[in-house]
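Thanks for making time this morning. Have a look at the chain on the screen, and then I'll walk you through it.

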Amino acid sequence: MLQLIFHHPTYAEDQPSAHTILTIHCLHRGFTTGAIIGSLVSFARSASSTIIRRPTAIVSLPWTTRLLSSAAIGSLSGTAFLAIGMTARMWGCEEIEWQDRSWRILANKGQNEEDGWSAGGIMLGTVGMGIMARRGAGLTAGLPTRQSVVGGAAGGSILGTVGHVLTNSGRMQDMEKKMVAAEGPLKPNGAL
C-alpha cells in the first residue's frame, strides 16, 4: 500500500517522507493488532460469562455486537499504544534511522502485500458497517454509529490480515522447498 503512495529510492539515505511512512505503518499495525486483541478479549469475556453465568449489561447484547464493540475499542487502544511506543522508540533518532526503517518497510514485498490486504479490509468493513449502522440493522443494533463504523474497520482489518495469511501460506511452503532444493537436504542436528 505505502509503495503506491511513496517513492522508494535505490538507497535508504535518499528516502523522502521517512517520518510519514514510519508513522503510517506503525499506526496501521497498531490498529490491526489492537483489533485482534480486542476481539480475543471479547471471546474470552463471552466464554467466561457463559461459564460463570453472571449477566452484565455488555453480555446482554448479542455476541456479534459485543465483538464489534470490543474490536473498535481494541483498535483505537492499539493505535494509541503504538503511537506512544513509536514516539518513545524513535525519540532523538537521527534522520538516517527514520529513512532506513522507512526504506526497509517499502522494500519488504510481504509487508506491502499485507498492508494492501489490511487496507482493503478496512475500507470494505468501514463502508459495510456504515451502511448497516445508518439502517440500524444487524450487527450494529445497540451501538453508536461511530463505534459500529470503527468496529467494522477493525473487523475488516482482521479479515484482510487473515486473507493475506491464507493466500500466502502455500507460497511460503513453495519458497521453503526451493530453498531446500538449492541448498541440498538438511543434515540432522545442524551438522555441516
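I'll start with the whole chain, then take the helices, the cores and a few single residues.

First, a caution: this is a predicted model. Keep that in mind for every distance and angle I quote.

So, the overall layout. The chain has six helices and zero strands. Along the sequence, the pattern reads α-α-α-α-α-α. There are 192 residues in the chain, and 36% of them are buried. The exposed surface is about 11900 Å². Carbon and sulfur atoms supply 67% of that surface.

What share of the contacts with a separation of 6 or more comes from residues 24 or more positions apart? The figure is 77%.

Now the start of the chain. Helix H1 covers residues 2–5, and helix H2 covers residues 18–52. Ser17 sits in the loop between H1 and H2. Look at the backbone there. Ser17 has a positive phi, near 55°, and Ser17 is not a glycine. Is Ser17 buried, partly exposed or exposed? Its relative accessible area is 38%, so Ser17 counts as partly exposed.

Stay on H2 and go along to Ser42. The relative accessible area of Ser42 is 4%, so this serine is buried. Setting aside residues up to four places away in sequence, Ser42 touches Arg66, Leu67 and Ser70.

Next, helix H3, residues 63–90. H3 has 28 residues. From first C-alpha to last, H3 reaches 39 Å. At 1.5 Å a residue you would expect 40 Å, and the model comes close to that. After H3 comes Gly92, with a positive phi near 80°.

One polar detail on H3. Thr79 lies in this helix. The Thr79 side chain reaches the backbone nitrogen of Phe31 at 3.4 Å. Beyond four places in sequence, Thr79 touches Leu27, Gly30 and Phe31.

On to the cores. Which residues make up the largest nonpolar core? There are twelve: Leu2, Phe6, Ala18, Ile21, Leu22, Cys26, Met86, Met90, Cys93, Trp98, Ile105 and Leu106. H2, H3 and helix H4, residues 95–107, each supply at least two residues of this core. H2 gives the most, with four residues. Apart from this core lies another one, of seven residues. Phe31, Ala35, Ile122 and Ile158 are among them.

Back to the twelve-residue core, and two of its members. Take Met86. Leaving out residues up to four places away in sequence, Met86 touches Leu22, Thr23, Cys26 and Trp98.

Then Leu106, in H4. Leu106 is buried, because its relative accessible area is 5%. How far apart are Leu106 and Leu22, in sequence and in space? They are 84 residues apart in sequence, and 9.8 Å apart in space, C-alpha to C-alpha. Leu106 has a list of contacts beyond four places in sequence. They are Leu2, Gln3, Phe6, His7, His8, Gln15, Ile21 and Asn112.

Two cysteines belong to that core, Cys26 and Cys93. Both fall under the 20% cut-off for buried. Cys26 is buried, with a relative accessible area of 13%. Cys93 is buried too, at 19%. How many disulfides does the structure hold? Zero.

Last stop, helix H5, residues 109–135. At its N-terminal end, Asn108 acts as the cap. A side-chain oxygen of Asn108 lies 3.1 Å from the backbone nitrogen of Gly110. H5 has 27 residues, so at 1.5 Å a residue it should span 39 Å. Its end C-alpha atoms are 39 Å apart, which agrees.

Which residues of H5 are buried? Gln111, Asn112, Glu114, Asp115, Ser118, Ala119, Gly121, Ile122, Gly125, Met129, Gly130 and Ala133. As you read that list, keep helix geometry in mind. An α-helix has 3.6 residues a turn, so residues three or four places apart point the same way. Two names in the list have come up already. Asn112 is one of the contacts of Leu106, and Ile122 is in the seven-residue core. After H5 comes Gly136, where phi is positive, near 65°.

That's the tour. Over to you for questions.

Conventions
Residues numbered from 1 in each chain as written. Predicted model: local features only at pLDDT ≥ 70, side-chain atom pairs only at ≥ 80, totals over all residues. Heavy atoms only, no water. Buried < 20%, exposed > 50% of the residue type's maximum accessible area, 1.4 Å probe, protein only. Contact = heavy atoms within 4.5 Å. Areas by Shrake-Rupley, 256 points an atom, 1.4 Å probe, with all protein chains shown as cover. Expected span 1.5 Å × (residues − 1). Polar contact = N/O pair within 3.5 Å; in protein donor to acceptor, adjacent residues only side chain to side chain. Core = buried A, V, L, I, M, F, W, Y, C linked by side-chain atoms within 4.5 Å. Disulfide = S-S within 2.5 Å.
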